[in-house]
Amino acid sequence: MPTIFTHPAVPLALGLALGRRALSTRLVAAGAFASILPDFDSIAFKLGIAYADQFGHRGATHSLLFALTVGVVGAAAAPWLRTGRWRALWFLAFCTASHPLLDALTNGGLGVALLWPWSHDRMFAPWRPIAVSPIGVGFFSARGLVVLWSELCWVWMPAFAAGCVGWGARRLAGRRAGARPTIGA
């Protein structure tokens, strides 16, 4: 799995690309939280639930159904998030779903239960360039540095580049319309 430091790259890049007019600061912050929420399943280890169990790590909380459920909860909180219900639903569902999709790109673990509860199979992407992060204190090691470098190359730099392209496109469109958007606008 990518680290909890890297999963927020997706909502942060979208926030940069689309700006505050499209995505409120609160919505982007909620998206960052939603992007790490599936890994709260690691508490299963403390409860004696096996990794490979459907409620173990990378199980039910890494499913598209879970992502949609988070989106529905976000829709209910839309006024607090300073956005519309549909935008909250789809943005938070997308940010949550980005988590197992990134996990499926890692080179370790058991895969993700993306289609739970319809299938208990764990899946990986056919291409897996991201180094899997050690769980727990193993992260603070030489291997942890390798993982961070892998995440920088395969997640952060492409996400930042995409965010900058979106920001630039908004800026260009604003100039054509006579306005000059700022970085966060």
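In this predicted model, S24 is buried, with a relative accessible area of 11%, and its place is in the loop between α1 and α2. When residues up to four places away in sequence are left out, S24 touches L81 and R82. R82 is found in the loop between α5 and α6 and, in contrast to the buried S24, is exposed, with a relative accessible area of 57%. The backbone of R82 has a phi near 60 degrees, which is a positive value in a residue other than glycine.

L81, the other residue touched by S24, belongs to the largest nonpolar core, a set of 13 residues in which L27, L81, F91 and L92 touch the most other members. Helices α2 (25-36), α5 (78-81) and α6 (85-103) each contribute at least two residues to this core. The surroundings of L92 can be described in further detail: with its neighbours within four places in sequence set aside, L92 is in contact with L27, A30, G31, A34, V70, G71, G74 and L81. Apart from this core lies another, made up of seven residues that include L102, I130, V155 and A159. In soluble globular proteins, nonpolar side chains tend to be buried together.

Nonpolar side chains also appear on the surface of the model, where I4, F5, L145 and L148 form a patch with about 400 Å² of accessible area together. I4 is located in the segment before α1 (9-22) and is partly exposed, its relative accessible area being 48%. Because membership of such a patch calls for over 30% relative accessible area, the value of 48% for I4 is consistent with its place there.

A single pairing of opposite charges was identified, the count of salt bridges coming to one. The partners are D103 and R58, whose closest N and O atoms are 3.6 Å apart; this separation satisfies the criterion, since a salt bridge requires a side-chain nitrogen of Lys or Arg within 4 Å of a carboxyl oxygen of Asp or Glu. The pair links distant parts of the chain, with D103 in helix α6 and R58 in the loop between α3 and α4, 45 residues apart. Both partners are buried, D103 at 0% relative accessibility and R58 at 1%. R58 also has a phi near 65 degrees, a positive value in a residue other than glycine.

The loop that holds R58, between α3 and α4, is also the place of Y51, with α4 spanning 64-76. At 22% relative accessibility, Y51 counts as partly exposed, because the buried class is confined to values under 20%. Not counting residues up to four places away in sequence, Y51 touches F45, G56, H57, R58, G109, L110 and R122, so that R58, one partner of the salt bridge, is among the contacts of Y51. The C-alpha atom of Y51 is separated by 9.6 Å from that of D41, 10 residues apart along the chain.

In the loop between α2 and α3 (43-46) lies D39, which counts as buried at 9% relative accessibility. The C-alpha atoms of D39 and A131 are separated by 17 Å, with their positions 92 residues apart along the chain. A further backbone feature is a cis peptide bond that joins W116 and P117, with omega about 10 degrees; P117 lies in the loop between α6 and α7 (142-177).

Finally, the cysteines were examined, and a search of the whole structure finds zero disulfides. C95 is in no disulfide, the nearest cysteine sulfur being that of C164, 18 Å away. C153 likewise takes part in no disulfide, and the nearest cysteine sulfur to it, again that of C164, is 17 Å away. Because a disulfide requires a pair of cysteine sulfur atoms within 2.5 Å, a distance of 18 Å for C95 and one of 17 Å for C153 do not meet the criterion. The two residues also fall into separate accessibility classes, C95 being buried, with a relative accessible area of 0%, and C153 partly exposed, with a relative accessible area of 24%.

Definitions and conventions:
Residues numbered from 1 in each chain as written. Predicted model: local features only at pLDDT ≥ 70, side-chain atom pairs only at ≥ 80, totals over all residues. Heavy atoms only, no water. Patch = residues over 30% accessible without salt bridge, like charges linked within 9 Å, V, L, I, M, F, W, Y side chains within 5 Å. Areas by Shrake-Rupley, 256 points an atom, 1.4 Å probe, with all protein chains shown as cover. Helix = DSSP H or I, 4+ residues; strand = E, 2+ residues; numbered from the N terminus. Buried < 20%, exposed > 50% of the residue type's maximum accessible area, 1.4 Å probe, protein only. Core = buried A, V, L, I, M, F, W, Y, C linked by side-chain atoms within 4.5 Å. Contact = heavy atoms within 4.5 Å.
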